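Me: I am new to this structure. Please take me through it in short questions and answers.

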Amino acid sequence: MSNKKTPDLIETLSQSVNPVAPLGRRGLWLWVGLSLLAGITYVLTAYGARPEMRLLFSEGRVADNLSAYAKTTFFIGLAALAVWQVQATARPEGRLTRVQTGLMGLGLIALLTLTGIDMAVSGLSSALTGLSDGAPGCFLTILLGGMVGLGVGWAVWLRQAAPGNPALFGALSAFAASALMTVAYTLHCDHDAPAYLLLIYLAPNLVAALIGSLIGRALFRW
């Protein structure tokens, strides 16, 4: 049996509901811009630019070693896709599309394939060349820089989100922050072997995503 006071209660509740403005993109792009600016400034100040990038920046010319630019372009694309995924899942109704997941999968498969081909052609020891040459420092720079970037994102935009899946949103946000730091680091590092990119560049992004998934359950609950 319905309560006679129910209509009055519904009316009272409806009057106290205030519309919420859609989540704007300005803060998102501010996060991306600040993360790239801070990451690039730190990398170039602390480590310096690799020769191919110095040639491009100072003289506007492209070096013969195109792999230097291909590496940066690949991670720019990966970071842009990750930011797109963050934006797509920032609201309760948000979902990843097949295009978004497909493009991410293609990128990962491409890097794995290149690594496998390089190992088959050059041999395991040759393909893994460079992993002992400051690799832990590269890994930690990308990972820790990504975590700092995640904090920047929280301050300027992420805390306004209300994702339907906090763990997934946290993972995507941390992955995006780490990917942006990776873009900055490519301007310095001269290791271009696919195995190095997989284990020292991409792996920190995946570790950051795992951390983001864990903390996202608390940060993005609503």
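Me: Is Arg61 buried, partly exposed or exposed?

Reply: The model is predicted: local features need pLDDT of at least 70, side-chain atom pairs count only at pLDDT 80 or more, and totals for chains, interfaces and linings use all residues. Residues are numbered from 1 along each chain as its sequence is written, and side-chain values use heavy atoms, with hydrogens and water left out. Buried means under 20% relative accessible area, exposed means over 50%, and partly exposed lies in between (1.4 Å probe, protein chains only). Arg61 has a relative accessible area of 45%, so the residue is partly exposed.

Me: Which residue meets the side chain of Arg61 in a salt bridge?

Reply: A salt bridge needs a side-chain nitrogen of Lys or Arg within 4 Å of a carboxyl oxygen of Asp or Glu. For Arg61 and its partner, the N to O distance is 2.8 Å. The partner is also partly exposed, at 48%. The residue is Glu59.

Me: How many salt bridges are there by this rule?

Reply: Side chains of opposite charge can pair when their charged atoms come close. One such bridge joins Arg50 and Glu52 at 2.8 Å, N to O, and Arg50 and Glu52 are both buried. By the rule, the count is four.

Me: How many residues apart in sequence are Lys71 and Asp192?

Reply: Lys71 and Asp192 form a salt bridge, with their closest N and O atoms 3.0 Å apart. Lys71 lies in helix α4 and Asp192 in the loop between α8 and α9, so the pair ties together parts that are distant in sequence by 121 residues.

Me: Which residues do salt bridges with shared partners join into one network?

Reply: Lys71 is buried, at 3% relative accessible area. Shared partners join this residue to others, and the network is made of Arg50, Glu52, Lys71 and Asp192.

Me: What is the pattern of the chain, read along the sequence?

Reply: Helices (H or I, at least four residues) and strands (E, at least two) are DSSP runs, numbered from the N terminus. The chain has nine helices and zero strands. The pattern is therefore α-α-α-α-α-α-α-α-α.

Me: Are the rings of Phe75 and Tyr201 stacked, tilted or edge-to-face?

Reply: Rings of Phe, Tyr and Trp (its six-membered ring) pair if their centres lie within 6.5 Å; planes under 30 degrees apart are stacked, over 60 edge-to-face, and the rest tilted. Eight aromatic pairs follow from this rule. In the pair of Phe75 and Tyr201, the centres are 5.5 Å apart and the planes stand at 45°, so the pair is tilted.

Me: How many residues apart in sequence are the parts tied together by Phe75 and Tyr201?

Reply: Phe75 lies in helix α4 (residues 67-88) and Tyr201 in helix α9 (residues 194-219), so the pair ties together parts of the chain. Phe75 is buried, at 0% relative accessible area, and Tyr201 is also buried at 0%. The separation is 126 residues.

Me: What is the angle between the planes of Phe169 and Phe220?

Reply: Phe169 is buried at 0%, and Phe220 is buried at 4%. Their rings form an edge-to-face pair, 4.8 Å centre to centre, and the angle between the planes is 90°.

Me: Which element gives the largest share of the largest nonpolar core?

Reply: A nonpolar core is a set of buried Ala, Val, Leu, Ile, Met, Phe, Trp, Tyr and Cys residues joined through side-chain atoms within 4.5 Å. The largest has 45 residues, of which Val86, Leu158, Phe169 and Tyr201 touch the most other members. Elements giving two or more residues include α2, α4 and α9. The largest share is 13 residues, and the element is α8.

Me: Which element gives the most to the nonpolar patch?

Reply: Patches take residues with over 30% relative accessible area and no salt bridge; like charges are joined within 9 Å, and nonpolar side chains (Val, Leu, Ile, Met, Phe, Trp, Tyr) within 5 Å. The members, including Trp154, Val207 and Leu219, have about 560 Å² of accessible area together, by the Shrake-Rupley method with a 1.4 Å probe, where for residues only the protein chains shown count as cover. Val207 is partly exposed, at 31%. Six residues of the patch come from one element, α9.
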